[in-house]
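Dear colleague,

Please find below the structure I promised to hand over, together with its sequence. My notes on what was found follow directly after it.

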Amino acid sequence: EDVSSDATPATYSPPRLQRITRTTSMTSWPALSSDARLIAYVSDGGQSGTTPQLWIQQVGGAALRLTNGEREYSRLSFSPDDTHIVFTAVDDAGQHVYEVPTLGGEARLLQRDASGGQISPDGRWLMCVPRNGVGIRVAARDGLGFRTVAPELVDVACAAWMPDSRTVVVHARPDPLVEP
């Protein structure tokens, strides 16, 4: 009987789990820097009843809060050079894509009525999902001058850049008449 397909290769070692945050807080939307030294996330910092904020910490280090607003934060990602964190924030004014310097500073609006912003691997482009979930927005890195690509796609849930900075992988429906 051949059991080679069930056998564990001699070189296989299971992934190592490492706890990063040490508070008893709500923590969500983690993003890891390209060198795996920094982690950004949304957390209430162990203070129930407070608005969760953006935090960053060096793996093995102390956490630093990056925001103070009364917003709902989500969909975090690092810029390719790890100098900024791109995120979605929802408040009374709507749902928008912002960026904040990794080590703290003022958040800057990149795209209105959008979410899930990501900067291309070459650092030249910003991609995000329009609030209505139709197509993908691509703009210059600073968020100016966007255009909608693939407008035939509907219910866009998320998108990700491929390493070539020219191709995007999208989770969406190809037509409004196609059932999910």
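**Findings: the largest pocket**

The residues that line the largest pocket are Trp-125, Ile-136, Val-138, Arg-147, Val-149, Ala-150, Trp-161, Ser-165, Arg-166, Val-168 and Val-170. Three elements each give two or more residues to that lining, namely β11 (136–140), β12 (147–149) and β14 (168–173). The space in the largest pocket comes to about 170 Å³. Please bear in mind throughout that this is a predicted model.

**The chain as a whole**

The chain contains 14 strands and zero helices. Its pattern along the sequence is accordingly written as β-β-β-β-β-β-β-β-β-β-β-β-β-β. Taken along the principal axes, the box filled by the C-alpha atoms is roughly 60 × 45 × 30 Å. Of the 180 residues in the chain, 37% are buried. As to contacts between residues at least 6 apart in sequence, 27% of them join residues at least 24 apart.

**The four-stranded sheet**

An open sheet is formed by four strands, in the order β1-β2-β3-β4, with antiparallel pairing. Its edges are occupied by β1 (27–32) and β4 (63–65); each has a single partner strand, so one side of each is left without a neighbour in the sheet. From one strand to the next, the twist averages 25 degrees.

Within this sheet, β3 and β4 run antiparallel and are joined by three bridges. At this pairing, Gln-57 stands opposite Ala-63 in β4.

**Gln-53**

One residue of β3 merits a separate description. Gln-53 lies in strand β3, which covers residues 53–58. Is Gln-53 buried or exposed? Its relative accessible area is 6%, and because the cut-off for a buried residue is under 20%, Gln-53 counts as buried.

The side chain of Gln-53 has a polar atom that lies 3.1 Å from the backbone nitrogen of Asn-68. Asn-68 is also among the residues that Gln-53 touches, leaving aside those up to four places away in sequence. The others in that set are Tyr-41, Val-42, Ser-43, Arg-65, Thr-67, Gly-69 and Tyr-73. Of these, Arg-65 falls within β4 (63–65), the strand joined to β3 by three bridges.

I would be glad to receive your comments on any of these points.

With kind regards

Terms used. Residues numbered from 1 in each chain as written. Predicted model: local features only at pLDDT ≥ 70, side-chain atom pairs only at ≥ 80, totals over all residues. Heavy atoms only, no water. Buried < 20%, exposed > 50% of the residue type's maximum accessible area, 1.4 Å probe, protein only. Polar contact = N/O pair within 3.5 Å; in protein donor to acceptor, adjacent residues only side chain to side chain. Contact = heavy atoms within 4.5 Å. Pairing = 2+ DSSP bridges. Axes fitted to C-alpha atoms, helices over the stretch in contact; angles between N-to-C directions. 1 Å grid on protein atoms, 1.4 Å probe; cavity = no way out; pocket = protein on both sides within 12 Å on 5 of 7 lines; lining within 4 Å. Points joined across faces, edges and corners; volume = space filled by probe spheres on them.
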